[in-house]
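Welcome! Take a moment to turn the model around on your screen, and then let us walk through a few places worth a look.

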Amino acid sequence: MSDVVIQTTNLSKELTSSLLRRKVRILSGLDLSVTRGETFGLIGPNGAGKTTSIKLMLGLMRPTEGKAQILGMPAGDKRALAKLGYLPENPYFYSHLTGREFLDFAGQLFGIESKQRRERAGELIKTVGLSEAADMQMRKYSKGMLQRLGIAQSLINNPELVFWDEPMSGLDPIGRRDVRQILLSLKEKGTTIFFNSHLLPDVNEVCDRVGVMFKGRMVVQEKVKNISGEGNYKDLEDFFLEVIAKAEADNGAAAATGTQSKEAVS
Amino acid sequence: MSESGRNNSVEAVIAIALNTFRETVRDRIIYALILFAAIVTVLGIILGSLSVGQDIRILKDIGLAAISLIGGIIAVFAGTNLVYKELERRTIYIIFTKPVSGWQFVLGKYIGLCLCVLVMVAAMGAFLSIIVAAVGSGFAGASFFDQLREITQELSLIYLELLFVTALATFFSTFSTPVMSVLFTLAIWLAGHLGESLLELGKLSQNPFLAQCLSLVFYSLPDFAGLTRIRGHLLYGTVPGTEVLTYLITYVLAYVLMLLVLAAIVTERKEFT
Ligand SMILES: Nc1ncnc2c1ncn2[C@@H]1O[C@H](COP(=O)(O)OP(=O)(O)OP(=O)(O)O)[C@@H](O)[C@H]1O
Ligand SMILES: [Mg+2]
């Protein structure tokens, strides 16, 4: 069974910068397909367009060109949203709620019954290691605690597919290990995972496939086992640095011949 | 596999309403406002005792005015911040990546805030009734229950007006910054209070274009001056006819509905960059 869960074709996004009324292309022609049960890791320098890609796939942003299909439905379709989980970048939630109240709220938005909600929230609080802080108001949470809660809320509906935007950021080594374990156990259950991270050893450990983004373009997609295991590279970092160096060189050459748009150079 | 096959239409609205209610009542500023209302009422007592014989009416009048003002402030400030805060803190990402529609979000926010305003108005009303009972016990005249009935009737009309103000604030908050929303909301609320004086102002100006504009404003806004007049009559024991009341209530609620539908359309089309 290899049905396609995430499919994007020529997905592109332009923003109009309000100051100069100039169009800025922040994502160009993304073609991607992720199959059920696969773990896909998106890597790339800051500002490469990773968060933008996720937001387009979730329907938070609308594409200027191209399209994204999630679970066979257009991005943002309520039926697809019901079956997926999302962890935003730098999550920040309602400071007046306790962690447990927030998980309950998230569950309600899915229409999950109250008994089931409570059970699930209890389990998830344990899984992400928030037992002691669960009944504390979120304004007293540290960055890492918010991150853990963000992960918990993304799993409240037992999703088939998760989008995690930098799940390890702000976590201590134990938290990172916990998240790796959560990822692996989701994988075992057959959940499709799409995430981005700057922590290459973690990406290397859990992903089946990685994609490298650079200045709004997907420069390469490759199976992890072809990179560090049987591949020619020492590790994922080695691969990443070489890919980016090549992309930068190409970009520079293109700029020199004047075929590249201005904003890609600056 | 997924547990979310159920239809969540009503649940999501309730969840958002309760969350909004909780957020607003856990905000300490509200209690400062209410304390202020209490102080104004007590000041009213002192003023009232200066003009013997009139106290209860003056007291009620001042108390009710304070309640309507404080209720209005809560509605305007909490309302104009409603959507903005969710955008600012990006909590809205969490909501719109779950199966929740724009109308569910807007309706939930609105109901939650109205609930909060209701609780606040009721609490202040209870406080006013206690004071009226305590001060009024020494006087002949209307019984306590009559007083209570009158206060409740007055408060219901005040609340009707606040329902409109809250809808207005919610509507503006879906597309503009809090400061602008506050200005827009207050401007429209005030214009509604000018009522028929808008028409007279138009006549006085002797400028047909301005007169046209002002009468357009008058006919397109709820007539809060009329509402205030009815409240004035109530204070003197005249109960308004059901026809007038039905008309007012229907008008305001239809207006609220229209504002919420517009707010929902705006929200549904929003993009979160
Ligand atoms: N709201 C916005 N307005 C203007 N430009 C934006 C906006 N959001 C993103 N961008 C631009 O789009 C590009 C891609 O941003 P994006 O957030 O997708 O990067 P990213 O790969 O997630 O980076 P990071 O690793 O730092 O999270 C950046 O150049 C950024 O400046
Ligand atoms: Mg990012």
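## Polar contacts with ligand 1

In this predicted model, the side chain of Glu166(A) has an N or O atom 3.4 Å from an oxygen atom of ligand 1. Glu89(A) also takes part: one of its polar side-chain atoms lies 2.5 Å from an oxygen atom of the ligand. For Asn46(A), the distance from a polar side-chain atom to an oxygen atom of ligand 1 is 2.9 Å.

How much of ligand 1 does the protein bury? On its own, the ligand exposes 640 Å², and the protein buries 62% of that area.

## The shell around the ligand

Now widen the view a little. There are 13 residues around ligand 1, and those that come nearest are Gly47(A), Lys50(A), Thr51(A), Thr52(A) and Glu89(A). You have already met Glu89(A), whose side chain places a polar atom 2.5 Å from a ligand oxygen.

Sorted by character, the shell holds seven polar residues, three nonpolar ones and three charged ones. Helix 1 of chain A, which covers residues 50-58, gives the most to this shell, with three residues. Which chains surround the ligand? Residues of both chain A and chain B do, so the site is shared between the chains.

## A nonpolar patch on chain B

Let us move to the surface of chain B. Here Val10(B), Ile14(B), Leu18(B), Leu115(B) and Leu118(B) make up a nonpolar patch, and together they have about 410 Å² of accessible area. Two elements of chain B give two or more residues to the patch: helix 1 (9-25) and helix 5 (102-136). Helix 1 of chain B supplies the largest share, three residues.

One member to pick out is Leu115(B), which sits in helix 5 of chain B. Is Leu115(B) buried or exposed? The answer is in between: with a relative accessible area of 33%, Leu115(B) is partly exposed, because that class runs from 20% to 50%.

## Arg269(B) and Gly102(B)

The last stop is Arg269(B), found in helix 11 of chain B, which spans residues 242-269. Arg269(B) has a relative accessibility of 65% and therefore counts as exposed, since the cut-off for that class is over 50%.

Which residue can you find by following the C-alpha atom of Arg269(B) across 8.4 Å? It is Gly102(B), although the two residues are 167 residues apart along the chain.

Definitions and conventions
Residues numbered from 1 in each chain as written. Chains lettered and ligands numbered in written order. Predicted model: local features only at pLDDT ≥ 70, side-chain atom pairs only at ≥ 80, totals over all residues. Heavy atoms only, no water. Near = heavy atom within 4 Å. Polar contact = N/O pair within 3.5 Å; in protein donor to acceptor, adjacent residues only side chain to side chain. Areas by Shrake-Rupley, 256 points an atom, 1.4 Å probe, with all protein chains shown as cover. Helix = DSSP H or I, 4+ residues; strand = E, 2+ residues; numbered from the N terminus. Nonpolar A, V, L, I, M, F, W, Y, C, P; charged D, E, K, R; others polar. Patch = residues over 30% accessible without salt bridge, like charges linked within 9 Å, V, L, I, M, F, W, Y side chains within 5 Å. Salt bridge = Lys/Arg side-chain N within 4 Å of Asp/Glu carboxyl O. Buried < 20%, exposed > 50% of the residue type's maximum accessible area, 1.4 Å probe, protein only.
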